[in-house]
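Thank you all for coming. Please have the sequence and the model open while I talk, since I will be pointing to individual residues as I go.

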Amino acid sequence: MYNEEAFLNKHVPDWRRLEEMCARGSASTRAFSGNELVEFVRLYRQASGDLAYLMTHSSNAEVVVYLNNVVGKSYAVLYRTPTKRFADVVRSSLLAVAQTFRRRVAFFALSVAVFLVGAGYSYTMLSVRPESREYFVSPLEEENFAAWREGRFDPRTAGESTMMSGFYSSNNPRVAIMTVGVSTVSAGTLTTFILWRTGIQMGALSHDMVGVGHIGFLISSIMPHGASELTGMFIAGAAGYVLAWALVFPGRRKRLDAVREAGKDAFTLCMTSVAMMFIAAPIEGFFSFNPAVPQAAKVVFGLVALSAWGLFFFGYGRNADRETARGGAGTGSSAGRSRGALPGSATGPV
């Protein structure tokens with residue numbers, strides 16, 4: 001026959017011990033030694049059995065509630081998802097970025113192509129039809145272009161460089177996000193316009209710099225920050241095209257479902273672009289336009305930065321890609337998914 005007083009006298013000490021161990025292991029079971037972990041599991045199983053027994057034999061609701069709380073805490077400690085170390089979080093995030101880029105590289109190539117075609121178009125038109133200049137270069141850009149044609153930079157104070165870095169780090173990510181954001185509402189046409197207009201600007205500026213013999217100065221001045229900023233712009237464009245493609249070509253899915261699924265990759269690409277814009281900002285503010293830095297050093301820096309980004313995007317996590325391919329995990333879902341801004345379109349490299 002059930003004797004509650006005897007039952008409690010026998011089992012309460014174990015419940016108290018389990019409760020105390022829950023408090024110790026609330027952060028991680030690594031707080032337990034090997035023997036303590038075995039004890040914790042034993043006490044948890046015993047308490048779970050005691051709870052089941054009390055729920056069918058006892059009318060003491062207070063005891064049942066107390067033991068239920070202890071068992072619940074024990075379960076949370078024992079089956080908690082292991083907390084990732086910061087280094088593991090960083091590695092998994094970088095892997096997700098690189099794999100997403102490779103999965104959507106066709107849209108990145110499309111962004112580059114739109115930019116280059118725009119640049120080639122304005123350069124060619126200004127060469128064969130100089131009178132068309134007003135269609136390609138705005139009055140504000142004329143002022144900036146004139147400064148570039150001098151082939152030199154005025155010295156900046158540390159305060160001025162800091163101020164410009166702050167401007168770049170606020171404006172450029174904003175334009176990158178806008179490049180992605182307008183893609184869905186415009187089915188990619190506004191994303192194309194931003195990339196095209198930035199290319200138009202770069203082509204027109206290149207035409208002017210060739211005319212005054214300073215094209216090398218232009219390239220070497222843009223390379224240090226452009227390795228991150230221009231690449232980030234193309235990645236933002238790719239994110240926009242990923243969403244636009246899902247909207248226009250949803251396949252057998254509903255458009256909303258297709259866009260929602262594509263949004264996972266688009267978000268990763270967008271955040272990558274924003275991060276690259278932040279990286280480029282201090283380089284642009286303190287290094288690229290600093291007359292004290294030799295132009296040759298800027299070229300070397302730009303080549304190293306561009307190589308580093310290329311190695312990361314095309315090489316990082318390749319082993320994981322091969323393991324996934326061998327295991328056949330995730331390839332179907334990736335294949336089924338629907339597949340930028342030199343914020344120069346707003347501020348330009350000028």
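I will begin with one helix, then turn to the nonpolar cores, and finish with the aromatic rings.

Please keep in mind throughout that this is a predicted model. The helix I would like to start from is helix 12, which runs over residues 295-315, and its 21 residues reach 29 Å from the first C-alpha to the last, close to the 30 Å expected at 1.5 Å a residue. Which residues of helix 12 are buried? They are K298, G302, A305, W309, F312 and F313, and because they cover an arc of only 100° around the axis, they lie on the same side of helix 12. As a general reminder, an α-helix has 3.6 residues a turn, so residues three or four places apart point the same way. On the face turned away from that buried side, helix 12 carries the exposed residues A296, V300, V304 and L311. If you now look for what covers the buried residues, you will find helix 4, helix 10 and helix 11 among the elements that do so. After helix 12 comes G317, and its phi is positive, near 80°.

Let me move on to the cores. The largest nonpolar core has 49 residues, and those with the most contacts inside it are W148, M233, F234, I235 and F313. At least two residues of this core come from each of helix 4, helix 5, helix 7, helix 8, helix 9, helix 10, helix 11 and helix 12, while the largest share, 14 residues, is supplied by helix 10. There is also a second, separate core of 19 residues, which includes L8, L54, L67 and V77.

That leaves the aromatic rings, where the structure holds 25 pairs. In one of these, the rings of F108 and F234 have their centres 6.1 Å apart and their planes at 80°, so the pair is edge-to-face. This pair links distant parts of the chain, with F108 in helix 5 and F234 in helix 10, 126 residues apart. F108 is buried at a relative accessible area of 15%, and F234 also counts as buried, at 10%. W148 and F289 likewise form an edge-to-face pair, at 5.8 Å centre to centre and 85° between the planes; here W148 belongs to helix 7 and F289 to the loop between helix 11 and helix 12, 141 residues apart. Both W148 and F289 are buried. Finally, F108 and F234 belong to one aromatic cluster that also includes F101, F115, W309, F312, F313, F314 and Y316.

Note on methods. Residues numbered from 1 in each chain as written. Predicted model: local features only at pLDDT ≥ 70, side-chain atom pairs only at ≥ 80, totals over all residues. Heavy atoms only, no water. Helix = DSSP H or I, 4+ residues; strand = E, 2+ residues; numbered from the N terminus. Expected span 1.5 Å × (residues − 1). Buried < 20%, exposed > 50% of the residue type's maximum accessible area, 1.4 Å probe, protein only. Arc of directions from axis to C-beta. Contact = heavy atoms within 4.5 Å. Core = buried A, V, L, I, M, F, W, Y, C linked by side-chain atoms within 4.5 Å. Phe/Tyr/Trp six-rings, centres within 6.5 Å; stacked < 30°, edge-to-face > 60°.
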